[in-house]
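Trainee: I'd like a close look at just one part of this model, please. Which residues lie nearest the centre of the largest pocket?

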Amino acid sequence: MPMAVGVIETLGFPAVLAAADAMVKAGRVTLVYFGQAESARLLVAIRGAVSEVKVAMEAGIQAGEKAYGGEVVTHYIVPNPPENIVAVLPIEYTKASEPFR
């Protein structure tokens, strides 16, 4: 099954929280990273099957935009990321995320 990584960057915490919540509820995906990009911009990354990540990303983008004062700055999906990218960037499944796969 082809795997993908999806990332949403938002302006403000309420938008990233709403996006993350909507993504894990909309598709069979695992939240693998959450962090601050710069200033008040936050990002959240998910992993899963390509088809599930696409559905989850659509739901996350809509939820992030609907959050009070929310703004989705950017978003993208990387289908079939190479192993060297997975090993270097913080998008690998961890012991903390493993129970939610």
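Mentor: Start with the make-up of its lining: twelve nonpolar residues, one polar and one charged (Ala, Val, Leu, Ile, Met, Phe, Trp, Tyr, Cys and Pro count as nonpolar; Asp, Glu, Lys and Arg as charged; the others as polar). Bear in mind that this is a predicted model, where local features need pLDDT of at least 70 and side-chain atom pairs 80 or more, while totals for linings use all residues. Numbering runs from 1 along each chain, and side-chain values use heavy atoms, without hydrogens or water.

Now your question. Val-5, Val-7, Tyr-76, Leu-89 and Ile-91 lie nearest the centre, out of 14 lining residues. Strands E1 (3-11), E3 (41-49) and E4 (71-79) each give two or more residues to that lining (strands are DSSP runs of at least two residues). The space in this pocket comes to about 240 Å³. A pocket here is an open set of points on a 1 Å grid where a 1.4 Å probe fits, with protein on both sides within 12 Å along at least five of seven lines; lining residues have an atom within 4 Å of a point.

How do those strands fit together? They belong to an open, antiparallel sheet of four strands, ordered E2-E3-E1-E4 (pairing takes at least two DSSP bridges). E2 and E4 are its edges, each pairing on one side only. E1 and E3 run antiparallel and are joined by nine bridges. Val-5, one of the residues nearest the pocket's centre, has Arg-47 in E3 as its bridge partner. Arg-47 in turn helps line the second largest pocket, which holds about 200 Å³ of space.

Definitions and conventions: Points joined across faces, edges and corners; volume = space filled by probe spheres on them.
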